[in-house]
Amino acid sequence: MTGVHDLHIWAMSTTETALTAHLVRRVPTCDAAFLETACRQLREEFQIQHATIQLEPEDHVCDLASEKTV
C-alpha cells in the first residue's frame, strides 16, 4: 500500500463502528485475500465491524484525493 485517502470512521451505534477508505496500491488488480486480511485486522485490532475499502492503483486519479497524501 502506498497511500490512504478519503478515510472516514464513525459510530453506527453504541457497539458498532464503521470505516470507509480508499487505499492506493502498486498492484493494479483487486486482491480478495488482501481485502479479507484488512477487514479481519480492523475487526480484531480496532473493533471495526463494518469496513468498506476501495482499492486504487497508483496511476488512478481520484477526485476525492487531496494533494496531501497520508
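Helices here are DSSP runs of H or I, at least four residues long, numbered from the N terminus. With that in hand, start the tour. The model is predicted.

**Whole chain**

Show everything as cartoon. You should find one helix and three strands. Trace the chain from its start and the order reads β-β-α-β. Now colour by pLDDT. The mean for the protein is 84, and 79% of the residues reach 70 or more. Among the elements, helix α1 (residues 32–46) has the highest confidence, at a mean of 93. Strand β3 (residues 50–57) has the lowest, at 88. Where pLDDT is low, the predicted coordinates should not be read in detail.

Switch on the surface. The protein exposes about 5200 Å², and carbon and sulfur atoms supply 54% of that area. Of its 70 residues, 23% count as buried. Contacts that span the sequence matter for the next stops: among contacts with a separation of 6 or more, 52% join residues 24 or more positions apart.

**The strands**

Select β1 (residues 3–11) and β2 together. These two strands run antiparallel and are joined by seven bridges. The connection between β1 and β2 is a hairpin of five residues. For a landmark, pick His5 and look across to β2: His22 stands opposite.

Stay on β1 and select Asp6. Check its backbone. Phi is near 55°, a positive value in a residue other than glycine. Asp6 is partly exposed, with a relative accessible area of 25%.

Now add β3. This strand pairs with β2 in the parallel sense, over eight bridges. Use Arg25 and Pro57 as the landmark here; Pro57 is in β3, and the two stand opposite each other. So β2 has pairing with β1 and with β3, because two strands pair if DSSP finds at least two bridges between them.

Is β2 mostly covered or mostly open? Select its residues and colour by accessibility. Seven of the nine are buried, so the strand is mostly covered, with buried meaning under 20% relative accessible area.

**The core**

Select Val4, Leu19, Ala21, Leu23, Ala38, Leu42, Ile48 and Ile53, and show side chains. These eight residues form the largest nonpolar core. Two elements, β2 (17–25) and α1, each give two or more residues to this core. Which gives the most? It is β2, with three residues. In soluble globular proteins, nonpolar side chains tend to be buried together.

**The helix**

Move to α1. Select Arg40 and Glu44. Both lie in this helix, four residues apart, about one turn. Their side chains meet in a salt bridge, at 3.9 Å from N to O. The count of salt bridges comes to one. How open is each partner to solvent-sized probes? Glu44 counts as exposed, at 51% relative accessibility, because the cut-off for exposed is over 50%. Arg40 is partly exposed, at 35%.

**The loop after the helix**

Step into the loop between α1 and β3 and select Gln47. This residue has a positive phi of about 60°, although it is not a glycine. Gln47 counts as partly exposed, at 45% relative accessibility.

**Two residues in β3**

Select His50, in strand β3. At 35% relative accessibility, His50 counts as partly exposed. Now show its contacts, leaving aside neighbours within four places in sequence. They are Met12, Glu16, Thr17, Ala18 and Leu19. Next, draw a distance from His50 to Cys39. The two are eleven residues apart in sequence, and their C-alpha atoms are 8.2 Å apart.

Finish on Gln54, also found in strand β3. Gln54 is partly exposed, with a relative accessible area of 37%. Which residues does Gln54 contact, leaving aside its neighbours within four places in sequence? They are Ala21, His22 and Leu23. Two of these, Ala21 and Leu23, are listed in the core. For a last distance, draw Gln54 to Val4. The C-alpha atoms are 9.9 Å apart, while the residues are 50 apart in sequence.

Conventions:
Residues numbered from 1 in each chain as written. Predicted model: local features only at pLDDT ≥ 70, side-chain atom pairs only at ≥ 80, totals over all residues. Heavy atoms only, no water. Buried < 20%, exposed > 50% of the residue type's maximum accessible area, 1.4 Å probe, protein only. Contact = heavy atoms within 4.5 Å. Areas by Shrake-Rupley, 256 points an atom, 1.4 Å probe, with all protein chains shown as cover. pLDDT = per-residue confidence, 0-100. Core = buried A, V, L, I, M, F, W, Y, C linked by side-chain atoms within 4.5 Å. Salt bridge = Lys/Arg side-chain N within 4 Å of Asp/Glu carboxyl O.
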